[in-house]
Amino acid sequence: PATVDRPQTVTTLRTLKMFHALTLQGKLNAYDFWCGLVRITDRMGTRNTKYRYKEFIQSVHCSRHLRAAKRAGRAHDPSGIEGTQQGELVVECPLCPHPGRNMPEGWEDTPEDKMWKHGMFVAVDANFKLKLKNRHQSLWGLSDVELSPGWAYFVNSAEYAAFLEDYVDEPEVKYCDSNHNAIKDANVPGQKRFIVNGVSAVVCSRHYFYLRHCIGDLQFSERYSSMTYVLLSSITMNCQELNSFFISYNIACSFSKNFSKRMENFPGRLQLDLSALRMKWAIPKFHLLAHGSNCQSPYSYNLMYGVGRTHGEGIETRWSDLNGAALSTREMAGAARHEILDDVLSAINWRKVIGIGAQVKKSLKAACEARYKQKLSLDDLTLTIPAETQDEWIAMMDAYKNNKKAPNPYEEPVTTTSQNDVRLELAEEEAAEARQGRMSLHETTASVFLTVGLELEDQQRLLLEKQPSTRGTTAEKASFREKQNILGRRIAGWRQIQQLYMPCLSQLVAESTSDESGSADTDNPQTTKLYLPSQLPEELRASGCVSGLVDKELRLRRAQAEDSLHQVRRTIRMRLGMIHYKHVHVDGPGQEAVTRARSVISGISEKLRRHVRRYRAARVALTSLSPDGDWQVHLRVLNEEDIRSARQDEKKLGEGHRELSWIWCVLKPEARDLPNADEETTEEEVNDSVQVDFCTTKARFDRWDEEIEHLTEEMPRAVRFFYDRAKWWRSRVNQRVDTSPDINSGLTAFALRQAAQLEQLADYFIQMWTPVLNGLNLSIDWPTLEATGDRDVQVAGDTAQPVPEDDEQQSSGSETDSDDVEASGPGETTDTDREGTVSIYNGDLDDIM
């Protein structure tokens, strides 16, 4: 009925169910649905179709509320709808821990190092698409009566508004060098035409279910007061009996600071005893890339003990389901908006419930496969590291796990040794030779001569890059010629010193100038051959160079190659960070900022190519000077496919799937085996350089191992949840003593049907998961359905009737009869002159679909 006061207009239950399904799946609003019914009734527009839109939306409003109460079992409770508790109308997550319902007996006695299996994972975020227009009630005539205040996903509006009115906001302090809008715009007022500028939400971050009291309206941006209220309300409502929490937020680094002090200003029912809780804060994996170095390790899911492969970004994917209703709900009254969004959230959760079987199955297969690959990588790495060193690093990981102020084992050591260090070492050796009476042939020593030669090589490569095309402008050609002249003069001056250290130079230059490939250094200095020892034929090196010159170039070339490789890694990181920054903070309608960002990325890519060419040239020289040297162990051939980020593989995104290119596994420059370095120091430096690779590889393996434990714990947890809920539904039978036998029969049938469906779902998941577990050599002791009495429950004076398969159909049978009364045949319409009939079309639904 459209009203309970002498109703004259009704809507059939079939029409309500069809609209309900369409609005949940396609977010169809009531007005468009009503207009569709009118078009079906009168395609030509010649009939006088009565306007029953307002009556229709009132019917929808009441039926939506009653449907939610029915599915929560309120019709079976003697206290009725009035006895509904806060958060009772939600669809719960079967995989999350619910003490006393789906957790194994004695879970409280789980060892400390395994308690994370019974922890609660939640993610916090805000959505600024779900706004509400500021429409004054007296002006628009909107009555704001909430039928279910705080009964589902939205916090209690009255309590929430009273808290915000009395709360004194504190400044939103930023504790990291990121530039997230959640901090930058925390106190920025929204548009005046909106009374609500968005919502804050909390979901379970492993399974993406919305929780009880998990959503609250935002009057401003992501103020700490609003976000903290919703977070505390959700935790106290859903999992207060647990003692382990993992909370993710894109600004967790700042939000977690002073959290306990901020909580003291909240109502007592929302305060937590943090001394008895294990609370860990994390930043979602994708958002973490935009944070500074101080946030990377302490708030990383990849390095956090006990989280498995949780990524924290699931709450972002849930917004797309809700945003479809944003355009229609922003026009409503506040109470109606809450109830419609609550209904949409229940539909989202229910789709997740029936889909967790396939999702968990897929996740378990992927986790076992990835764990095997990471185990192979870890085994290969441990073969090269002494056992005592591994134990020391694992102890560092454990210490850092418990205390973030301890030394960070995942932090890459700062490069302190470079090509300049080799230059200094060679200069000191030459000074020692001078003190012994062995004077240099020139005031420019051999090491300086070789260093200048390597610098000239770099300048030649750079000049080749800058060479203008034939279509270049006159200014470009003039500038390039000036640079050619400068380089030619430098090579000519260097040649004079080269003749002292390389007596064979005159013969080589004469042979090269006899053909036209390089007649003079000043003509094409960028292509002039410098004739360093590595470029000489092997037979001329011993006779055509002074003693020790070849060995010094070998050492400089090795340092040059290692420095270049280090710069390649560094530049790849810079480019990846800049690309991520562009995608997150720059991409949009404005072209000026996008163009600048692209220019910066292009410049970084050019530097990367320069370092790659420098490395390859150094390796060619090393191959000529020492073809059988030990440098080949870590200075390999650098192919294009090797030049990729350490953060991700070419095809798979994420740290957990990372398969390192060899450039990230070689010894760092500070671990170089210098000729004058003692063995003890070199070994220590080598261990320091490998430490990060070992610890991150060990962390990747541990996360996949934990993920398997999480999944095998969540499987029986879901089965217990369904069995417990089925038992609860059976306990609802015969609780109402104030109803007639026919009503009691319908209540009984509905309760037994709900219980049977839940038991069927549990058995279906067991049958789906068991073959996968057997194939992976895993075993689970499945919980069994405890004795709940005779399933064929007898009602006084009657027997429960069979129920239809459609879970949207009520069990009393009256719903089908009411539809059939008005049906006048497939494809036919009803008499529109009949007073108040909203179900304009009651033929075969297939004709409409």
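Is Asp642 buried or exposed? In this predicted model, Asp642 has a relative accessibility of 11% and therefore counts as buried, the cut-off being under 20%. The residue is located in the loop that links α22 (591–625) to α23 (679–731). Leaving aside residues up to four places away in sequence, Asp642 touches Val637, Ser661, Trp662 and Ile663. For one of these partners, Trp662, the separation from Asp642 is 20 residues in sequence, and the C-alpha to C-alpha distance is 7.0 Å.

For the protein chain as a whole, the secondary structure consists of 26 helices and 9 strands. Of its 849 residues, 49% are buried. Among contacts in the chain with a separation of 6 or more, 77% are between residues 24 or more positions apart.

Five of the strands form an open sheet with mixed pairing, in the order β5-β4-β1-β6-β7. Its edge strands, each paired on one side only, are β5 (210–218) and β7 (278–282). From one strand to the next, the twist averages 20°. Helix α7 (residues 224–238) packs on this sheet and touches β1, β4, β5, β6 (244–248) and β7. The direction of α7 makes about 160° with that of β5, an angle that counts as roughly antiparallel because it is over 145 degrees. Within the sheet, β1 (residues 120–127) and β4 (residues 198–204) run antiparallel and are joined by 6 bridges. Asn127 is placed opposite Val199 in β4. Strands of a sheet in general pair through backbone hydrogen bonds, in either a parallel or an antiparallel arrangement.

A further helix, α14 (residues 334–382), lies across β4 and β5 and runs at about 145° to β5. Helix α14 also packs with α1 (residues 13–26): the axes of the two helices come within 10 Å and cross at roughly 75°. The crossing angle makes α1 roughly perpendicular to α14. On the α1 side, the residues involved are His20, Leu24 and Gln25, which meet Asp343, Val344, Ala347 and Arg351 in α14. An α-helix has 3.6 residues a turn, so residues three or four places apart point the same way.

Helix α24 (residues 741–775) contains 35 residues. The distance from its first C-alpha to its last is 52 Å, close to the 51 Å expected at 1.5 Å a residue. A bend of about 25° occurs in α24 at Trp769, and a proline, Pro771, follows within four residues. Just after α24, Asn777 adopts a positive phi of about 60°.

Positive phi values also occur in two loops. Most residues other than glycine have a negative phi. Asn258, which is not a glycine, has a positive phi of about 60°. Asn258 belongs to the loop between α8 (252–255) and α9 (259–263). With a relative accessible area of 44%, Asn258 is partly exposed, since this value falls between the limits of 20% and 50%. Tyr531 likewise has a positive phi of about 60° without being a glycine. The loop holding Tyr531 lies between α19 (505–514) and α20 (538–544). At 10% relative accessibility, Tyr531 is under the 20% limit and so counts as buried.

Key: Residues numbered from 1 in each chain as written. Predicted model: local features only at pLDDT ≥ 70, side-chain atom pairs only at ≥ 80, totals over all residues. Heavy atoms only, no water. Pairing = 2+ DSSP bridges. Axes fitted to C-alpha atoms, helices over the stretch in contact; angles between N-to-C directions. Contact = heavy atoms within 4.5 Å. Expected span 1.5 Å × (residues − 1). Bend = angle between axes of the 7 residues up to and from the residue. Buried < 20%, exposed > 50% of the residue type's maximum accessible area, 1.4 Å probe, protein only. Parallel < 35°, antiparallel > 145°, perpendicular 65-115°, else oblique.
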